[in-house]
Amino acid sequence: MNKFKQIITAVFRNNVVLYLFSRYFTFFLQFLNSLFLASNLGPYYLGIWGFFSLSLQYISFLNFGIQQSSNNYLSLKFSNEKLRGKIAANALNLLAILFGILILVAVGFRLFAYDFAEKYHFSTLYIPLLIAGIMNHLIVFFSNIYRIYGKFLKIALSQSLSVFLTLLVVWRYKGAYLLEVLVFIQVASAIFSVILFLIGLPFRIRLSFNTYWLKRIAIKGLYMFFYNSSFYFMMLATRSFVSSYYEVEEFGYFTFAFTLANTILLLLDSINYVIYPKILNRFSKMEQSKVVTELGYIRSCYTTCTHLLAHTSIVFFPLFLYLFPKYAESQNAFRLIILTVILTTNAFGISGFIIARGKERSLGLIAFSCLLLNLVCNYFLVIVWHVGFEYVILSTALAYLVYIFGINYFGLTLIGDKLNLRELLNFTFNAKLLLPYILSLVFVFFNCPNYFYILSVLVFVVLNLSNFKQIVAMVKRLILDPSIFSLK
């Protein structure tokens, strides 16, 4: 009984655990929002909302790596308080230039892409889209500062605000009016979040124009942008092909499937968000002989959880179709999307090690090559072979597969390991993960009944019983020792 009280006390004193709990609760509400949106918007307006969300993501990813670069320098130079202020100030200077570029691009798109813009009501959405996009850049920048200091309360509020506000209205309105309200919520919550971050910053940011740090942040940022944009544009490009070459309703089905799959896997992405600065800081100092052990431990826990969550979600997805029968066309799209997204977790941790070793350029080249592969596959699947919208995601699956093998091979060569193909396969996609994965893919392509997917879950659990013990140990460490996820 005393031990139980000790654990409960540790939970409520642990900022990291409380942050994760808040994120999980928010994701649950976001999941509810997705269901209400699907019902009250309908396929057509859900397609419009999907385009608005997709455009916000494009603006978010067009950041030239400024936030990521400054975050890396702030993590690596954590002990120098004066230097942190200088880095942050010059990062804001670069962001101001970026905002000017985004305004010009938005105006140009409004003027010269009329037909496509009108298809998705862009003429009435581009101003709130631009405001929300700029505010979101600032939110990411300030969030990075707060998480380095282990201050997660404001981050949690910022990440949850639009979800809570959406839940208040999503069940009350329908159609075009609901769409207008959703857009307003995105803009208002983004502005409020920026104001919230400006109050009580962990350190003072004074005006500074230092050409040395402007150059360093910009150059490192371009390498990071090359990597991040190439990686994230794989999925964005696929969604863009679906939005451009298929009917709005079909894009609505795809958006429904993508939103649910992405919401489910965001549960574990919160852990990645928390520990990323720690990974950078530790890998920059760690002896190479210890890196493999550390990577193996982290990856084993993370990939096991994500793959189990994906297989389980596929089993339960048909239940939602009983509630929303009009989205029955999205079933295979959901299965293939969630099986595609979990591929990226098979490279978890290794990209942080590569960045900590200052090899962002090589990482970017690998990601960019995979983006080109994705675009070529999209072209053939959509324009040449005219596949159903649910199968377009296969282009991203292939690109992700090449990507995870590429960066795992490069990362392990940096450590000093000489790998043959069998060892690389075992490190990247071992049999415990691969066999249930292939089983689920076979069921999709042969249109097997829904209950067949239960077999994938059972096979996965049997093969990964030993990994579940590691996960329990990791959870205990997280609860009882929050310092493992903070910088010192």
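## Exercises on helices and loops

Just after helix 17, Asn-447 takes a positive phi of about 50 degrees. The structure examined here is a predicted model, and the exercises below begin with helix 17.

**Exercise 1.** Work out whether the length of helix 17 (residues 431-445) agrees with the expected span, and find on which side of the helix its buried residues lie.

*Solution.* Start with the length: helix 17 has 15 residues, which at 1.5 Å a residue should span 21 Å, and its end C-alpha atoms are 21 Å apart, so the two values agree. Next, list the buried residues of helix 17, which are Leu-433, Pro-436, Tyr-437, Ser-440, Phe-443 and Val-444. They cover an arc of only 120 degrees around the axis, and therefore they lie on the same side of helix 17. Finally, look at the start of helix 17, where a side-chain oxygen of Asn-430 comes within 3.0 Å of the backbone nitrogen of Lys-432.

**Exercise 2.** Describe how helix 9 (residues 211-245) and helix 14 (residues 360-384) are placed relative to each other.

*Solution.* Two packed helices are described by the angle between their axes and the distance between the axes. For helix 9 and helix 14, the axes come within 7 Å and cross at roughly 10 degrees. Angles under 35 degrees count as roughly parallel, and helix 9 and helix 14 are therefore roughly parallel to each other. Sorted by class, their contact has 20 nonpolar, 5 polar and 3 charged residues.

**Exercise 3.** Decide whether Leu-214 is buried or exposed, and say how far its C-alpha is from that of Ile-66 in space.

*Solution.* Leu-214 belongs to helix 9. Because buried means under 20% relative accessible area, Leu-214 counts as buried at 12% relative accessibility. Although Leu-214 and Ile-66 are 148 residues apart in sequence, their C-alpha atoms are 10.0 Å apart in space.

**Exercise 4.** Locate Phe-64 and His-386, and compare their phi angles with what is usual for residues other than glycine.

*Solution.* Most residues other than glycine have a negative phi. Phe-64, however, which is not a glycine, has a positive phi of about 55 degrees, and Phe-64 is found in the loop between helix 2 (15-61) and helix 3 (66-76). With 30% relative accessibility, Phe-64 counts as partly exposed. His-386, also not a glycine, has a positive phi of about 50 degrees and lies in the loop between helix 14 and helix 15. The relative accessible area of His-386 is 60%, so His-386 is exposed.

Key:
Residues numbered from 1 in each chain as written. Predicted model: local features only at pLDDT ≥ 70, side-chain atom pairs only at ≥ 80, totals over all residues. Heavy atoms only, no water. Axes fitted to C-alpha atoms, helices over the stretch in contact; angles between N-to-C directions. Helix = DSSP H or I, 4+ residues; strand = E, 2+ residues; numbered from the N terminus. Parallel < 35°, antiparallel > 145°, perpendicular 65-115°, else oblique. Nonpolar A, V, L, I, M, F, W, Y, C, P; charged D, E, K, R; others polar. Expected span 1.5 Å × (residues − 1). Buried < 20%, exposed > 50% of the residue type's maximum accessible area, 1.4 Å probe, protein only. Arc of directions from axis to C-beta. Polar contact = N/O pair within 3.5 Å; in protein donor to acceptor, adjacent residues only side chain to side chain.
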